[in-house]
Amino acid sequence: MDRIRIVGGNKLNGTIPISGAKNAALPLMIAALLTDETLILDNVPRLADVAQLQRILGNHGVDIMSAGKRPGDHEYQGQTLHISAANIVDTTAPYELVSKMRASFWVIAPLLARMKEAKVSLPGGCAIGTRPVDLLIMALEKLGAEISIDGGYAVARAPTGLKGAEIDFPKVTVSGTHVALMAAALAKGTTIITGAACEPEIADVADCLNKMGAKISGAGTSRIVIEGVTKLHGARHTVLPDRIETGTYAMAVAMTGGDVQLEGARPELLQSALDVLVQAGATVTPNNQGIRVARNGAGISPVKVTTSPFPGFPTDLQAQLMALMTSAKGTSQITETIFENRFMHVQELARLGARISLDGETATIEGTSTLRGAPVMATDLRASVSLVIAALAAEGETTVNRVYHLDRGFERLEEKLSACGATIERISG
Ligand code: EPZ
C-alpha cells in the first residue's frame with residue numbers, strides 16, 4: 001500500500017493548477033445516463049473516484065472514451081470524457097460497486113427517470129457518519145416513484161413515468177438536490193424544489209442539464225424550478241474548478257508561509273473560507289488567473305468557525321482548517337454541523353503534537369509552535385489531506401499511510417506540492 005513521506009519545514013512558493021471539481025464531475029457523469037446521446041465533459045479530474053464511477057456506469061452499459069492529449073495541452077489539464085449511454089443494459093447497481101463510493105447511489109435518479117426502474121444498493125455507513133438516503137428516497141417518491149427496500153437494495157419503479165411535484169427538503173442536502181434535479185428533468189410537468197442545496201456544484205450540474213435540453217431555473221438558490229421535458233440530448237460541458245482543492249492548498253500556504261498562485265481558482269466559490277484565511281493572517285488576492293495566497297512574517301491568528309451549507313464555511317475544509325489552527329497563536333474553536341462524526345483526524349493530528357479537545361460537535365484547538373513528524377493514518381479524504389498540511393509545517397519526517405483516500409480526491413497532490421518547494425514523495429508498496 002502506498003505511503004506519502006513528508007519532511008516539514010519548507011515554505012511553499014510557486015504556482016498550483018487547480019483541477020476540475022470532483023463533486024461536480026461525479027454527478028455530471030451520472031447525468032449522462034439521462035440521454036441516449038453523447039455527453040462530453042471537459043476538465044474532469046484524474047481521480048480514483050472518477051475511475052470507480054466509470055466502472056459503475058460501465059456496468060449499466062455506458063461507453064466512456066477518454067480523449068488523448070491534444071496540441072498545447074498542459075500536463076495538468078483535466079481529461080475529456082465522451083460518455084454515451086445509448087443503450088442501458090442493466091438497471092441494477094450492485095453492492096460491490098456502490099459500497100466503494102457513496103455518490104454512485106445517485107444513479108437511481110436518471111435510471112428511474114429514463115428506464116422507469118432501478119435497483120440500487122444502499123450505500124451503507126462511512127467514516128464520516130451514518131449518512132442516510134431517506135431524503136433522496138422522499139424526493140423520488142414525491143415524483144411518483146414506488147420504492148421498497150429489499151435485501152439491502154432500494155428497488156424503485158415508476159411504470160407510468162415520473163411526475164412533477166413540490167419537494168421541500170427539511171434539511172439542506174447536496175445529494176438530495178442532485179437526485180431531485182436529475183429525476184425532475186425528465187418528469188412530466190413542473191417540479192419545485194424548496195430548501196435546495198445552493199452549492200456551486202448543483203448550479204454546475206443544472207447548467208449542464210440545461211445544455212442537454214432541460215428547463216431548470218434557480219439552481220444555486222434554495223428554490224429551483226424544473227419544467228420536465230420528454231427527452232434530453234447530448235452536450236459539451238466544462239467541469240468547474242474544485243473549491244475544496246483550492247481551499248486546501250490555500251490552507252497549506254497559510255500553514256507553511258510562502259506565496260502561491262492557485263491557477264484557475266474562482267474566489268466566489270469559497271469566499272467564506274477565504275475570509276477565514278484572511279482572519280487567520282493570510283493575504284488573499286484574487287486576480288485574472290486565479291487566487292494568490294501568501295503569508296509572510298505574520299503568525300497564524302486563532303479563529304472561531306462553524307461549518308454550514310454553502311455559502312457558509314464548507315465541512316469539506318473543516319479538517320484542513322483544524323490542521324492550520326494547530327499552529328495558531330492562541331485557542332481556536334471549530335464546530336462541525338453537517339456530519340456527526342467528522343473528527344477522525346483529531347487523534348492523528350494529536351500524534352503530530354496538536355492539542356485538540358472535543359466536546360460534542362465542537363473542537364477546541366490550543367495552538368502550538370512545535371508540531372513534530374510521526375507516522376499517521378489517513379481515515380477519509382479530507383482528514384488525510386489535513387495530515388499532509390500539518391506535516392508540511394512539522395519538524396522532521398511524517399509518513400501518511402493509507403493514501404488511497406487522498407487519491408480519491410486530490411489529483412497529483414505530491415507533484416503539485418513538491419513543485420512549490422515541499423519535500424514530499426510517494427513511497428510505493
Ligand atoms: C456531498 O455529500 C459531498 N459529496 C460531500 O463531499 C460533502 O461533504 C457534502 O455534500 C456536504 O457538502 C459529493 O458531492 C460527492 P448531503 P452528500 O446530502 O451529498 C444528511 C468529500 O469529501 N442527509 O448534503 O452525501 C447527511 O447525513 C465529501 O468530497 C440526511 O439526513 O451530503 C448530512 O448530515 C464527503 N438524509 C447532511 O444531510 C439524506 O437523505 C448533508 O448531506 C441525505 C443527507
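**Ligand shell and strand pairing**

Trainee: Which atom of leucine 135 lies 2.7 Å from an oxygen atom of the ligand, backbone or side-chain?

Mentor: Take the polar contact first, meaning a pair of N or O atoms within 3.5 Å; within protein, one must be able to donate a hydrogen and the other to accept it, and residues adjacent in sequence count only if both atoms are side-chain atoms. The ligand oxygen is 2.7 Å from leucine 135, and the partner there is a polar backbone atom.

Trainee: What kind of model is this?

Mentor: Residues are numbered from 1 along each chain as its sequence is written, and side-chain values use heavy atoms, with hydrogens and water left out. Local features need pLDDT of at least 70, side-chain atom pairs count only at pLDDT 80 or more, totals for chains, interfaces and linings use all residues, and the model is predicted.

Trainee: Which residue places a polar side-chain atom 2.7 Å from an oxygen atom of the ligand?

Mentor: Valine 174 uses a polar backbone atom, 2.7 Å from a ligand oxygen. The side-chain contact, 2.7 Å from an oxygen atom of the ligand, comes from arginine 382.

Trainee: How much of the ligand's accessible area does the protein cover?

Mentor: Accessible areas come from the Shrake-Rupley method with a 1.4 Å probe; for residues, only the protein chains shown count as cover. On its own, the ligand has 830 Å² of accessible area, and the protein covers 90%.

Trainee: Which helix gives the largest share of the shell around the ligand?

Mentor: Near means that a residue has a heavy atom within 4 Å. The ligand is surrounded by 23 residues, with Asp134 and Ser175 among the closest. Helices are DSSP runs (H or I, at least four residues), strands too (E, at least two), numbered from the N terminus. At least two shell residues come from each of helix 1, helix 5, helix 6 and helix 12, and the largest share, three residues, belongs to helix 5.

Trainee: Which strands are the edge strands of the open sheet with the order 22-23-1-24?

Mentor: Two strands pair if DSSP finds at least two bridges between them. The open sheet has four strands and mixed pairing. An edge strand pairs on one side only; here these are strand 22 (375-377) and strand 24 (423-427).

Trainee: Which residue of strand 24 stands opposite arginine 3?

Mentor: Strand 1 (residues 3-7) and strand 24 run antiparallel, joined by five bridges. Opposite arginine 3 stands isoleucine 427.

Trainee: Which residue in the turn between strand 20 and strand 21 has a positive phi?

Mentor: These strands pair in the antiparallel sense over five bridges. Serine 357 has threonine 364 as its bridge partner. The hairpin has two residues between its strands, and the positive phi, about 60°, belongs to glycine 360.
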